[in-house]
Amino acid sequence: MNANYAPQSITPPLWLLAELTYKCPLHCVFCYNPLNYAQNSHELTTAQWVDVMQQARKLGAAQLGFSGGEPLQRPDLEELVEEGSRLGYYTNLITSGVGLTEPRIARMKEAGLDHIQLSFQDSTKEMNDFLSSTKTFDLKMRVAKLIKQYDYPMVLNVVLHRHNLDHVGRIIQMADDMGVEYLELANTQYYGWGLVNRAQLLPDREQLVRAEAVVNDYREKFGHKMRIFFVVPDYFETRPKACMNGWASVFLGIAPDGSALPCHAAKTLPGIEFPNVTEHSLQHIWYDSDAFNKYRGDGWMKEPCRSCPEKDKDFGGCRCQALALTGDASNADPVCDKSPFHQTLQDIVAAAQSKPTVTSSDKPIVFRTDANSRALSGLAATGQFDPE
């Protein structure tokens with residue numbers, strides 16, 4: 001427990017993310033799911049998920065996201081959407097589109113689903129299907145038409161990296177052809193499978209600059225026709241993001257097995273026992289558990305974070321990123337140029353700069369598969385992985 005954090009200063013969770021399952025027909029190379037997901041096959045029942053949603057709503061949560069894996073793998077998704085809508089949540093389905101048939105989208109519309117976010121891997125069938133190791137591009141195009149047909153706002157997410165950053169103009173044009181109103185171009189964040197494949201995915205700085213210039217040109221061209229969000233990768237910044245708006249400040253994630261998490265990647269942090277909703281109430285988990293109080297406030301901080309005037313803005317950055325890059329989650333996030341580990345990050349970026357194209361001698365991409373998950377389970381247990 002962070003003894004220096006006053007319980008009365010804890011605000012309620014606003015965003016509940018229900019990770020319904022780790023099952024997914026795609027094998028994306030940047031997936032944030034834990035490396036050892038194949039060893040975590042237990043999933044909460046429908047009744048248990050309903051109980052979680054009811055408890056979180058009483059705590060104050062207003063937004064409810066359904067994700068995975070692929071949430072459409074759960075046959076009870078429509079029932080959970082209906083319950084979320086009945087409770088008064090703003091409900092959001094985060095999906096690859098695989099499994100979203102017309103009968104299912106019609107049922108979810110009737111159940112009160114507010115929002116669907118569809119993911120693509122690229123603007124071309126070849127690269128989209130390669131990065132997910134599936135033949136899903138044509139299916140996604142059909143799903144995009146269904147989303148428009150059922151009068152949902154068209155929200156598209158594309159994860160960017162070395163393989164598709166130079167395609168960003170074509171991606172935006174594809175989005176325009178699909179009638180997209182909101183386009184999120186999210187550069188890869190290096191957790192989970194993204195960290196495993198960092199050497200293959202990390203772009204060089206020139207790629208990033210070119211892509212951002214293209215995005216700005218389209219923003220000017222489209223005006224309010226399409227809102228384009230371009231999320232720069234942390235590795236190219238000098239100040240860290242306020243990860244999840246601060247540890248256990250706004251976000252409450254529930255993993256398929258019921259583990260409660262203050263961020264998507266928190267399971268990578270060793271030495272923390274995350275409470276489970278099958279054993280504890282959300283009231284206890286959010287306000288009283290050691291895990292959720294671990295990095296609240298500033299009592300846990302080392303220098304330079306502890307005396308930094310910006311600590312109330314960035315909260316020391318990301319604990320999972322600090323672990324991945326320094327081996328200690330309580331270190332200053334190396335993204336910050338005040339961090340004694342910032343040079344480590346600069347060296348990683350410099351290595352990508354000196355290798356602007358993928359070659360046959362590069363470390364092969366590791367796809368998110370059950371077999372690879374089992375092979376990497378030992379590394380996942382330690383929270384350590386050397387992607388170079």
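Visitor: How should one read the packing of helix 2 against helix 3 (residues 102-111), and at what angle do their axes cross?
Guide: Two packed helices are described by the angle between their axes and by the distance between those axes. Here the axes of helix 2 and helix 3 come within 8 Å and cross at roughly 20°. Helix 2 is therefore roughly parallel to helix 3. The model is predicted: local features need pLDDT of at least 70, side-chain atom pairs count only at pLDDT 80 or more, and totals for chains, interfaces and linings use all residues. Residues are numbered from 1 along each chain as its sequence is written, and side-chain values use heavy atoms, with hydrogens and water left out.

Visitor: What do these terms mean?
Guide: Helices (H or I, at least four residues) and strands (E, at least two) are DSSP runs, numbered from the N terminus. Axes are lines fitted to C-alpha atoms, for helices over the stretch in contact, with angles from 0 to 180 degrees between N-to-C directions. Angles under 35 degrees count as roughly parallel, over 145 as roughly antiparallel, 65 to 115 as roughly perpendicular and the rest as oblique.

Visitor: Which residues of helix 2 and helix 3 meet?
Guide: On helix 2, Leu77, Glu78, Val81, Glu82 and Ser85 meet Arg104, Arg107, Met108 and Ala111 of helix 3, where contact means heavy atoms within 4.5 Å. This contact comprises 4 nonpolar, 1 polar and 4 charged residues. Ala, Val, Leu, Ile, Met, Phe, Trp, Tyr, Cys and Pro count as nonpolar, Asp, Glu, Lys and Arg as charged, and the others, Gly among them, as polar.

Visitor: How do the axes of helix 1 and helix 2 cross?
Guide: The axes of helix 1 (residues 46-59) and helix 2 (residues 77-87) come within 10 Å, crossing at roughly 20°. Helix 1 is thus roughly parallel to helix 2. Thr46, Trp49, Val50, Met53, Gln54 and Arg57 of helix 1 touch Glu79, Leu80, Glu83, Gly84, Arg86 and Leu87 of helix 2. By class, this contact has 5 nonpolar, 3 polar and 4 charged residues.

Visitor: Is helix 4 roughly parallel or roughly perpendicular to helix 5?
Guide: The axes of helix 4 (residues 125-132) and helix 5 come within 9 Å and cross at roughly 105°, so helix 4 is roughly perpendicular to helix 5. Lys125, Asn128 and Asp129 of helix 4 make the contact with Phe137, Asp138 and Lys140 of helix 5. The contact holds 1 nonpolar, 1 polar and 4 charged residues.

Visitor: Which backbone values deserve attention?
Guide: Most residues other than glycine have a negative phi, and most peptide bonds are trans. In this model, glycine 68 and glycine 69 are joined by a cis peptide bond with omega about 20°; glycine 69 sits in the loop between strand 2 (63-67) and helix 2. The bond from glutamate 303 to proline 304 is also cis, with omega near 10°, and proline 304 lies in the loop between helix 11 (290-293) and helix 12 (311-314). Aspartate 151, although not a glycine, has a positive phi of about 60°; this residue belongs to the loop between helix 5 (137-149) and strand 5 (155-160).

Visitor: How many cavities of 30 Å³ or more does the structure hold?
Guide: The structure holds 3 such cavities. A cavity is a set of points, on a 1 Å grid over the protein atoms alone, where a 1.4 Å probe fits but cannot get out, and lining residues have an atom within 4 Å of a point. The largest cavity has a volume of about 90 Å³, a volume being the space filled by probe spheres set on the points, which are joined across faces, edges and corners. Of its 13 lining residues, Cys305, Cys308, Asp314, Gly316 and Cys336 are the closest to its centre. The lining of the largest cavity divides into 6 nonpolar, 2 polar and 5 charged residues.

How values were computed. 1 Å grid on protein atoms, 1.4 Å probe; cavity = no way out; pocket = protein on both sides within 12 Å on 5 of 7 lines; lining within 4 Å.
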